[in-house]
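Colleague: I have a model open and some questions about it. Can we go through them one by one?

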Amino acid sequence: MALSLYVDTARWRAHQKTVIDQFPGLIPVCKGNGYGFGHERLADEAARFGADMLAVGTTYEAAKIKDWFGGDLLVLTPFRRGEEPVPLPDRVIRSVSSVDGVRALVGARVVIECMSSMKRHGVHEEELQQLHSAIEDVRLEGFALHLPLDRPDGTDAVEEVIAWMDRLRNARLPLHTMFVSHLRAEEQARLQQQFPQTRFRARIGTRLWLGDHEATEYRGAVLDVTRVAKGDRFGYRQQKAASDGWLVVVAGGTSHGVGLEAPKAMHGVMPRAKGVARAGLATVNRNLSPFVWAGKQRWFAEPPHMQVSILFVPADAEEPRVGDELVAHLRHTTTQFDRLVER
């Protein structure tokens with residue numbers, strides 16, 4: 001019995017096609033844990049819909065994925081002089097975010113990242129003139145802009161890209177391809193219309209693989225059910241049961257990503273209030289699990305174990321049975337399933 005990822009394959013692929021049709025020249029992204037599906041599965045999907053390039057996070061990921069995908073591989077993490085060398089084929093393209101990095105990659109295929117309003121990494125406007133001599137010794141695949149997701153100051157993503165196009169053009173640098181991230185389809189279409197000689201290629205991961213939430217579902221199998229009375233001690237820490245009910249052992253623990261949560265950016269009063277409430281409950285060992293039974297998310301009876309979680313289901317709810325599966329609301333990018341089931 002396992003933590004399973006159920007995939008409505010027809011629906012998932014229909015969503016992929018919708019995104020691909022909206023973004024001509026789309027480059028699928030396969031990084032981290034493969035957005036919950038795994039590298040091999042996403043490489044297969046990319047090959048199936050005819051992608052000529054697949055973006056990966058690191059050189060280590062590229063070394064694995066090269067055996068599953070036959071097209072070009074774009075490494076998104078920028079090259080740094082002195083990094084550990086990883087043997088890679090010529091079809092691997094390196095992102096570079098500094099003039100020094102370009103000079104260190106003689107003969108390599110490169111994409112030069114420009115410093116966007118993300119302020120994460122990239123070359124600055126004042127460095128563009130230095131690129132002229134540096135790019136003579138590399139095979140330049142294009143420039144790239146990694147844009148922010150939110151713009152609370154009201155700035156315009158298209159205007160940011162146009163500003164960089166103008167800087168590159170004024171520096172007399174080649175503008176045959178611009179790789180972009182986090183643009184809407186209509187924004188990319190506006191740019192393509194304004195700069196017909198440049199090919200805009202969107203690097204898309206989350207929207208492509210996870211954009212249809214109804215296409216996938218995690219479920220954890222019930223392994224054991226034990227009835228407890230109020231005051232009974234249980235678990236590693238021998239806490240007391242707060243009321244009558246059942247201890248439900250379900251597949252899915254910390255090794256699967258259960259109980260692990262990435263920080264969230266909160267905006268507004270209500271989300272912040274809920275965050276404070278959750279933190280307060282946690283101080284008295286009340287932590288809501290991602291598992292749903294009888295229409296409600298259930299509380300962890302104690303912190304999740306490595307491969308299972310123990311939930312408390314009160315006596316006024318229906319008793320779970322061994323073999324039942326509980327839907328689990330888990331974040332794909334931090335979850336590792338035991339098995340994938342096609343529907």
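Modeller: Yes. Keep in mind that this model is predicted. Let us begin with strand β3, residues 53-56, where Val-56 lies.

Colleague: Is Val-56 buried or exposed?

Modeller: Buried means under 20% relative accessible area. Val-56 has 0% relative accessibility, so Val-56 counts as buried.

Colleague: Which residues does Val-56 contact, leaving aside neighbours within four places in sequence?

Modeller: Two of them are Cys-30 and Lys-31. The list also includes Glu-61, Ala-62 and Ile-65. It is completed by Leu-73, Leu-74, Val-75 and Leu-76.

Colleague: How far apart in space are Val-56 and Ala-317?

Modeller: In sequence, 261 residues separate Val-56 and Ala-317. In space, C-alpha to C-alpha, the distance is 45 Å.

Colleague: Now the nonpolar cores. Which helix gives the largest share of the largest core?

Modeller: The largest nonpolar core has 90 residues. Phe-37, Ile-112, Leu-131, Phe-143 and Leu-168 have the most contacts inside it. The largest share of this core is seven residues, and they come from helix α6, residues 157-170.

Colleague: Why does this core lie between domain 1 and domain 2?

Modeller: Domain 1 spans 8-210 and domain 2 spans 216-342. The core lies between them because residues come to it from both domain 1 and domain 2.

Colleague: Which residues are among those of the other core?

Modeller: That core lies apart from the largest one. It has nine residues, among them Val-228, Phe-234, Val-308 and Ile-310.

Colleague: What does Phe-143 touch, not counting residues up to four places away in sequence?

Modeller: Phe-143 touches Val-111, Ile-112, Cys-114, Leu-131 and Leu-168. The rest of its list is Leu-173, Pro-174, Thr-177, Met-178 and Phe-179.

Colleague: Are helices α1 and α2 parallel, perpendicular or oblique to each other?

Modeller: Helix α1 (residues 9-22) packs on helix α2 (residues 39-48) at about 60°, with axes 12 Å apart. Roughly parallel needs an angle under 35 degrees, and roughly perpendicular needs 65 to 115. α1 and α2 are therefore oblique.

Colleague: Which residues make that contact?

Modeller: The crossing of α1 past α2 is right-handed. From α1 come Thr-9, Trp-12, Arg-13 and Gln-16. From α2 come Arg-41, Leu-42, Glu-45 and Arg-48.

Colleague: Last one. Is Glu-187 buried or exposed?

Modeller: Glu-187 is in helix α7, residues 185-194. Beyond four places in sequence, Glu-187 touches Ala-157 and Val-158. The cut-off for buried is under 20%. Glu-187 has 6% relative accessibility, so Glu-187 counts as buried.

Key: Residues are numbered from 1 along each chain as its sequence is written. This is a predicted model: local features need pLDDT of at least 70, side-chain atom pairs count only at pLDDT 80 or more; totals for chains, interfaces and linings use all residues. Side-chain values use heavy atoms; hydrogens and water are left out. A nonpolar core is a set of buried Ala, Val, Leu, Ile, Met, Phe, Trp, Tyr and Cys residues joined through side-chain atoms within 4.5 Å. Buried means under 20% relative accessible area, exposed over 50%, partly exposed in between (1.4 Å probe, protein chains only). Helices (H or I, at least four residues) and strands (E, at least two) are DSSP runs, numbered from the N terminus. Domain bounds come from an automatic or database domain assignment. Contact means heavy atoms within 4.5 Å. Axes are lines fitted to C-alpha atoms, for helices over the stretch in contact, and angles run from 0 to 180 degrees between N-to-C directions. Angles under 35 degrees count as roughly parallel, over 145 as roughly antiparallel, 65 to 115 as roughly perpendicular and the rest as oblique. A crossing is left-handed if the near helix is turned anticlockwise from the far one by less than a right angle, and right-handed if clockwise.
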